[in-house]
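The following note sets out a colleague's reading of the model, in numbered points. Please consult it alongside the sequence and coordinates.

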Amino acid sequence: MWTKSYSIVTKEATKEQMWKLFADVNNWHTWDTEIEYAKMDGKFEKGNNFLLKPKGGPTVKIQLVETIENKKFVDLTRFPFATMYGEHTFEETPNGLKITTTMTVEGVLAFLWIKIVAQKIVNGLPVEMVEQVKLASKL
């Protein structure tokens, strides 16, 4: 199993604003420069799925496996012989809102999906999370 996390602390956005940003899956392309689109029908809740099209890659189906409003959500992407989880948490601290994204990949071909997908996601988190906060602060 491979796991990488990245966190930032901010006073620019609230957990409610961050939740609103993520729950609007159909507008993820406005802050995630690595995707062409993300499309979801229905509510941002456990059990629902959405489609995500990375730039230069195939469309993938992602399932929400856990959602706790304004606190955390976990998404699951299934690849051949591997699974990838994205855990996103929003925690209030004395210094501001701590936002953490943790990517986990497991399975027989995890090494391949880490190289093709997961490492690129992790590498982009420092810039992407700043953009998320900027946009969320306006919601």
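**Notes on the predicted model**

1. Asn70 is a suitable place to begin: with a relative accessible area of 17%, this residue is buried, because the limit for that class is under 20%. The model is a predicted one. Asn70 sits in the loop between β4 and β5. Its phi is near 65°, a positive value in a residue other than glycine. Most residues other than glycine have a negative phi.

2. Phe81 shares the backbone feature but has another setting. Its phi is near 60°, again positive in a residue that is not glycine. The loop between β5 and β6 holds Phe81. Is Phe81 buried or exposed? Phe81 has a relative accessible area of 60% and is exposed, because the exposed class starts over 50%.

3. Leu109 leads back to Phe81 by way of contacts. Leu109 belongs to the loop between β7 and α2, and its relative accessible area of 25% makes it partly exposed. Once neighbours within four places in sequence are left aside, the contacts of Leu109 are with Pro80, Phe81 and Ala82. The C-alpha atom of Leu109 is separated by 9.0 Å from that of Thr83, although their positions lie 26 residues apart along the chain.

4. The overall architecture may be stated next. The chain has two helices and seven strands, and their order along the sequence is β-α-β-β-β-β-β-β-α. The radius of gyration is 14 Å, close to the 14 Å that the globule rule gives for 139 residues, so the chain is as compact as a globular protein of that length. Along the principal axes, the C-alpha trace spans about 40 × 30 × 25 Å.

5. Burial and contacts can be summarised for the chain as a whole. Of the 139 residues, 42% are buried. Among contacts with a separation of 6 or more, 45% join residues 24 or more positions apart. The chain exposes about 7900 Å², and carbon and sulfur atoms supply 54% of that area.

6. Which residues of helix α1 (residues 15–23) are buried? They are Gln17, Met18, Trp19, Leu21 and Phe22. These buried residues pack against β4, β5, β6, β7 and α2. An α-helix has 3.6 residues a turn, so residues three or four places apart point the same way. Within the buried set, Met18 and Leu21 are among the members.

7. Ala13 precedes this helix, in the loop between β1 (2–10) and α1. Ala13 counts as buried, at 7% relative accessibility. Beyond its neighbours within four places in sequence, Ala13 is in contact with Met18, Leu97, Val133, Ala136 and Ser137; Met18 is also one of the buried residues of α1. A separation of 24 Å lies between the C-alpha atoms of Ala13 and Tyr85, which are 72 residues apart along the chain.

8. Asn27 lies on the other side of α1 in sequence, in the loop between α1 and β2 (35–39). Asn27 is partly exposed, at a relative accessible area of 33%. Asn27 and Ala38 are eleven residues apart in sequence, and their C-alpha atoms are 7.2 Å apart in space.

9. The largest pocket merits separate attention. Rolling a probe the size of a water molecule over the atoms shows where empty space is left. The largest pocket holds about 830 Å³ of space. Its lining consists of 35 residues, with Ile35, Leu52, Pro54, Val117 and Ile121 nearest the centre. Two or more lining residues come from each of β3 (49–54), β4 (60–68), β5 (72–79), β6 (82–93), β7 (96–106) and α2 (110–136).

10. Which element gives the largest share of this lining? Helix α2 does, with eleven residues. By class, the lining of the largest pocket has 19 nonpolar, nine polar and seven charged residues.

11. Asn123 is also placed in helix α2. At 55% relative accessibility, Asn123 counts as exposed. The C-alpha atoms of Asn123 and Lys4 are separated by 10.0 Å, with the two residues 119 apart along the chain.

Key: Residues are numbered from 1 along each chain as its sequence is written. This is a predicted model: local features need pLDDT of at least 70, side-chain atom pairs count only at pLDDT 80 or more; totals for chains, interfaces and linings use all residues. Side-chain values use heavy atoms; hydrogens and water are left out. On a 1 Å grid over the protein atoms alone, a cavity is a set of points where a 1.4 Å probe fits but cannot get out, and a pocket is an open set with protein on both sides within 12 Å along at least five of seven lines; lining residues have an atom within 4 Å of a point. Grid points are joined across faces, edges and corners, and a volume is the space filled by probe spheres set on the points. Helices (H or I, at least four residues) and strands (E, at least two) are DSSP runs, numbered from the N terminus. Ala, Val, Leu, Ile, Met, Phe, Trp, Tyr, Cys and Pro count as nonpolar, Asp, Glu, Lys and Arg as charged, and the others, Gly among them, as polar. The radius of gyration is taken over C-alpha atoms; the globule rule is 2.2 Å times the number of residues to the power 0.38. Buried means under 20% relative accessible area, exposed over 50%, partly exposed in between (1.4 Å probe, protein chains only). Contact means heavy atoms within 4.5 Å. Accessible areas come from the Shrake-Rupley method with a 1.4 Å probe; for residues, only the protein chains shown count as cover.
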